Amino acid sequence: MYELYIANKNYSSWSLRPWVLMREAGIGFEEHLVPFGGPAWEDFLELSPSGKIPCLIDGSTLVWDSLAITEYLAERHDRVWPQPAEARAWARSAAAEMHSGFMELRNRCSMSCGVRLRLKETPAALKRDIARLEVLWRDGLARFGGPFLAARSFTAVDAFFAPVAYRVQTYGLKLSPEAAAYAQRLLEVPAMRQWYAAALAESFRDAPHEAELLELASVIEDLRAAPAP
Ligand SMILES: N[C@@H](CCC(=O)N[C@@H](CS)C(=O)NCC(=O)O)C(=O)O
């Protein structure tokens with residue numbers, strides 16, 4: 001049985017990727033949630049050499065970084081990347097672009113599933129990231145026929161954009177109808193619903209994450225369970 005170490009579901013966009021992928025691909029795993037806060041980095045360092053989460057343990061093999069975990073799983077399970085090779089090439093490129101890019105979207109709209117926020121400003125760099133996202137999604141959906149990005153079913157490339165769907169919801173990001181429909185489709189995936197319900201139930205608050213959100217945005221609504229005293 002694989003063991004997947006993740007951080008808090010409300011905040012941890014990187015953890016969401018392998019979690020939702022494994023759930024949707026029917027790959028069994030035992031979940032371990034290691035909370036942010038306090039000596040989180042030391043806690044994470046005990047598990048993962050980068051001091052970052054997620055990481056996957058398979059017997060004596062440790063895999064860290066969401067992209068490496070995805071590729072490790074793809075060597076063992078059929079449903080991780082789409083078929084045929086052309087769709088796989090596109091999906092890998094789009095996932096890699098998300099993994100190493102979209103910095104403004106990631107930094108300015110950090111994931112907080114259970115909160116609704118209004119950004120204080122929308123700089124040109126963020127608009128560029130959103131415009132690129134729309135072109136990329138439209139391309140995948142048109143090229144491979146949807147309803148997911150590179151296949152009829154949810155695959156790893158959708159998992160890489162899953163955190164974006166929560167960001168769209170949290171920040172009310174304005175997208176074209178086609179892109180908005182895809183983001184909504186991601187939110188309705190069963191594993192995404194499960195993650196979201198668990199995120200809302202969290203009473204844990206991570207002070208650095210909360211401070212970062214308030215610096216860049218104002219809170220419209222907080223749907224999470226009341227904070228732990
Ligand atoms: N590129 C890594 C990034 C992982 C990452 O930044 N994880 C965050 C949690 S969402 C983390 O562990 N942060 C703790 C820290 O930076 O100290 C991946 O894809 O897994």
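This note goes through the pockets, the cavity, the ligand site and a few backbone details of a predicted model.

1. **Ground rules.** The model is predicted, so local features need pLDDT of at least 70 and side-chain atom pairs count only at pLDDT 80 or more, while totals for chains, interfaces and linings use all residues. Residues are numbered from 1 along each chain as its sequence is written, and side-chain values use heavy atoms, with hydrogens and water left out.

2. **The largest pocket.** Its volume is about 610 Å³. The search runs on a 1 Å grid over the protein atoms alone, and a pocket is an open set of points with protein on both sides within 12 Å along at least five of seven lines. Grid points are joined across faces, edges and corners, and a volume is the space filled by probe spheres set on the points. There are 25 lining residues, and S13, W14, F36, K52 and I53 lie nearest the centre; to count as lining, a residue needs an atom within 4 Å of a point.

3. **What builds that lining.** Four helices, α1 (13–25), α2 (40–47), α5 (103–108) and α10 (207–216), each supply at least two residues. The most comes from α2, with three residues. Helices (H or I, at least four residues) and strands (E, at least two) are DSSP runs, numbered from the N terminus. By class, the lining holds 11 nonpolar, nine polar and five charged residues. Here Ala, Val, Leu, Ile, Met, Phe, Trp, Tyr, Cys and Pro count as nonpolar, Asp, Glu, Lys and Arg as charged, and the others, Gly among them, as polar.

4. **The ligand.** You will find the ligand in the largest pocket, where "sits in" asks that more than half of its atoms lie within 2 Å of the pocket's grid points. Around the ligand are S12, W14, F36, W41, F44, K52, I53, P54, D65, S66 and H99, each with a heavy atom within 4 Å of the ligand. This shell divides into six nonpolar, three polar and two charged residues.

5. **Polar contacts to the ligand.** Three side chains each place a polar atom by a ligand oxygen: S66 at 2.7 Å, K52 at 2.8 Å and W14 at 3.4 Å. The cut-off for such a contact is a pair of N or O atoms within 3.5 Å. On its own the ligand has 510 Å² of accessible area, and the protein covers 78% of that; areas come from the Shrake-Rupley method with a 1.4 Å probe.

6. **Backbone details beside the ligand.** Two residues of the ligand shell, P54 and D65, deserve a look at the backbone. The I53 to P54 peptide bond is cis, with omega near 20°, and P54 belongs to the loop between α2 and β3 (55–58). D65 is not a glycine, yet has a positive phi of about 85°; this residue is in the loop between β4 (61–64) and α3.

7. **Another cis bond.** Q83 and P84 are also joined by a cis peptide bond, with omega about -5°. P84 is found in the loop between α3 (66–74) and α4 (85–100).

8. **The second largest pocket.** About 150 Å³ of space lies here. The lining consists of L117, R118, L119, T122, I130, Y171, G172, L173, K174 and I220. Strand β5 (residues 115–119) gives the largest share, three residues. Six of the lining residues are nonpolar, two polar and two charged.

9. **The cavity.** How many cavities of 30 Å³ or more does the whole structure have? The search finds one, with about 40 Å³ of space; a cavity is a set of points where a 1.4 Å probe fits but cannot get out. S13, W14, R17, M98, R106, F160, P163 and R167 line this space, and α1 and α7 (156–171) each supply at least two of them. The classes are four nonpolar, one polar and three charged. Note that S13 and W14 appear here and among the residues nearest the centre of the largest pocket.

Definitions and conventions: A polar contact is a pair of N or O atoms within 3.5 Å; within protein, one must be able to donate a hydrogen and the other to accept it, and residues adjacent in sequence count only if both atoms are side-chain atoms.
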